Every structure is written in C-alpha cells, then in structure tokens.
Amino acid sequence: METENKEKIKEKGKLGIEKGNRSIPICNQGLATESKQEIERMENLPQICVDTSDAFIMIERFGTREEVIRWIKEVGIDNKVNVIISRSDTETGKRGRSNKLIFGCDKGVKHKSTDSGTQSASKKCGCPFKIRSTSAKDGSGWKIDVKYGLHNHGLPDRLEGHSFIGKLTTNEKQHVADLTKRRVPPRHVLLSLQDRDPENVTRITQVYKHKSVIQKEIRGPRSEIQHLFKLIEDADYVYWSRKKDDSEVVRDIFSTHLDSIKLLNIFPIVLVMDNTYKTNKYRQPLFEIVGMTSTELTFAVAFAYMESEQTENFCWVLEKLKELFVKKDLCPQVILTDRDLALMKGIEIVFPRSINLLCRFQINKNVGVKCKQHVVKDLQKTIDTLWMEVVWASDEVEYGQRLHQLEQACVDYSGFMNYVKDT
C-alpha cells in the first residue's frame, strides 16, 4: 500500500506542460492553487533543467518542524542542492495564519536591477524549486508536498561556499581547537580537515569564525586589551603603556622580554628599527627594535604598538628603550632606520650621540624608482650599475671617483641627480 501511494505521488508530481524534451510539473493539487505568474515562470524555464522531485517525496510524517527542516536540508546536501527556508508561518489563531514552511533553492530569487540599470553579480537565477510542508490539522505531524521539483540550472559536483553545508562537526571543531592551540595557521588547519575528509567543503572563513569563538572562550570576561596584558605577563615580558589624557583609551604599548634586556646590555652597539603595517585588525603600526650580536646574529629587543607615527610617539618609545640600559651613559652607537623623518627626529632627541644610518635596501629601492621616472629606458641599467658602485665603494677616494662617473652619466638628468644628492 505504501509503495502504491508513493508511485501515485511521483506520477502526480510529474504532471505538467510538455516543452521540448522535458516535462515541467505545475502543481500537485491542480492549476487552481497556483498563480498565473508561477505558471508563466515554469513555462519559461531554460534548456538546462534538473529534476529532483523523487528525492524529496516522503510519505511518512514528521513529529516537529525541526525534524522537517533537518531532513530536507540533509536530502538537499545528498543531492547537491542547497535548500533554504523561503517562508515560515506560525499559527496564531488569526485567519490565514497556519503552521507552514516553504522551502526553495538558494538560487531561487533574482536580484533586481538598480536605478543605474546595472545588476550586481549574483549566482541567483530565479530557480522555481519549491517544497511546502504543513502541520496536519488532526495532529498527526508535518507532511511534505513537492510543488516544483525542477531546477533551471545545473547542479555542482561539490557544494562549496555555503555556511550550512560547510558547517564544522563536533569532531572537526575539536580538531580545529587542538591545531589552534599549537599555533597552526588557519590555511593549514583547512588543509588538515580536507586530508581527514576529502569530501569536506568547509571554507577558510568558517575556520576563522571558529577560531574567533575559541579565542573568546579563552579570554572570558576580560577585554582584548586586558587579555593582551595578561598574556604579556604570563610570558615573562615587561611592559609599559600610556592612556589618552584621562580616559581609558590606550595610546601606546611598549613590551620587551627579560632575556632581550640582558642581550641588549651585552650587545648595545647596533640597533635596527622599523615599522610593520597592517599586522593587526586595528591597523596600528607595530614598531620593532632589533639588536645585533658580535657574531652577526640578530635578536628582538622590544616591540611597541603606537597610536600614530608622530615624533612624540617615537620619543616615548625610545625613552622606554633608554630605561632598559643598566648603565646610564650606555647607548647604541649606530641606529639603522628607513627615511622616516619623525623617527629620525626622535632618535636625534633621545639618543643625540648615536649615529643614524639609513637602510641601504630602502635607499636602493627608492633610487631605482626615481631612475625609472627620470632616465630613459636604454640607460636605466647602466645608471643602476654606476649607482651600486657608489654604494659599495671601499674608501673615500673610490667613492669620489664612482660618484663623478655617475654625475657624468646623468648630466642630462638633473632631476635624478638632485634626488640622489639631496634626498
């Protein structure tokens, strides 16, 4: 008996308007229940047409709406269809309101054109796929009625990019948490999930979202800045911070490790200072100070998050660096920086006895850019070679000779030579 009912429903769902080599189902309960617009939309289906009616036919009834939603979504995933709830009603006692769920395809709505006549990029194509689920009046549960089982688009080999389909399972969440604790980058976490399950369609954004949830659980009631200070203290760092006026807004943070302080006092001769950009979500510059040992190895001296790159901010950071020296008269002999004028001014104020050298890499890069702007293409390689000979001159005599050769070669390019000499 159950098999006969199922066959009847299948045949009923396949009744429709013949168009080309396909049959377009119109309505399981007759034409009277559907609007003229829906019928016209079905008649205008494109040649690409996929029928998934059979997969969603169900004779048995479900106890709750949650069971209906879970079953339909799972069947959709198995058949490469991302089913969404397009409408949901709850019985309120008013006329026309009853327990009802309308399911559709995620490509079921077309974006309207804007006033400018342009249409935003979208994968939606007005797919007519429609399933209706209602609660029986006799209380026997929720029944499913396939209104349109056809899709006006092809189905993908794999479902990707959907939050529900790529949702992490309980085991996957634990795996992400374990790798996150071991400081594994999110892109490698995603690769690990795909190695465990080749059919996994989780995307990198979902890994980032779960990582954010883990971090919030670890942080607890503390704010982000309070948690940062706790982590600094737990890792045996010492730090200073200052607030904006009398408010609770933090302006600058200076931190260093105890081992770094020891190395700084042993090897104080050369320091390298530079800013890194866009390394945090607040877009604040991270100022890094690096030292160099007698064996030409580098070590981190200190780090500072700064409100801005003003001379006053640099002076505050450099004053904290100065406090790290055990002897008051001890200071770096050479400080290497890029051509950040605010930083150079701060060094001149806080460390007046130190020699401020500019980074050769930055100089060569800037000179190369100016050479392309002022010098004809045929001579650019020659000028670049002559410039490098100036940079690598072994003594003052050789330096003067190389510089004279460069000036002779650039006699027609005064703009370039003025930049090289003055800047």
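The protein comprises 15 helices and 15 strands in what is a predicted model. Of its 423 residues, 36% are buried, and the accessible surface amounts to about 26,800 Å², with carbon and sulfur atoms contributing 51% of that area. Among the contacts in the protein with a separation of 6 or more, 53% are accounted for by residues that lie 24 or more positions apart in the chain.

Two lysine residues illustrate opposite surroundings within this model, Lys137 being exposed and Lys320 being buried. Lys137 is located in the loop that runs between strand β6, residues 130-135, and strand β7, residues 142-148. Its relative accessible area is 90%, and Lys137 is therefore classed as exposed, since that class requires a value over 50%. On the surface, Lys137 gathers with Arg61, Arg132 and Lys143 in a patch of positive charge.

Lys320, by contrast, occupies a position in helix α10, which spans residues 311-322. The relative accessible area computed for Lys320 is 15%, and this residue is counted as buried because the value falls under the 20% limit for that class. When residues up to four places away in sequence are left out of account, Lys320 touches Trp240 and Phe254, so that the contacts of this buried lysine include the aromatic residues named here.

Note on methods
Residues are numbered from 1 along each chain as its sequence is written. This is a predicted model: local features need pLDDT of at least 70, side-chain atom pairs count only at pLDDT 80 or more; totals for chains, interfaces and linings use all residues. Side-chain values use heavy atoms; hydrogens and water are left out. Patches are made of residues with over 30% relative accessible area and no salt bridge: like charges are joined within 9 Å, nonpolar side chains (Val, Leu, Ile, Met, Phe, Trp, Tyr) within 5 Å. Accessible areas come from the Shrake-Rupley method with a 1.4 Å probe; for residues, only the protein chains shown count as cover. A salt bridge is a side-chain nitrogen of Lys or Arg within 4 Å of a carboxyl oxygen of Asp or Glu. Lys and Arg count as positive and Asp and Glu as negative; His and the chain ends are not counted. The place of a charge is taken as NZ of Lys, CZ of Arg, CG of Asp or CD of Glu. Helices (H or I, at least four residues) and strands (E, at least two) are DSSP runs, numbered from the N terminus. Buried means under 20% relative accessible area, exposed over 50%, partly exposed in between (1.4 Å probe, protein chains only). Contact means heavy atoms within 4.5 Å.
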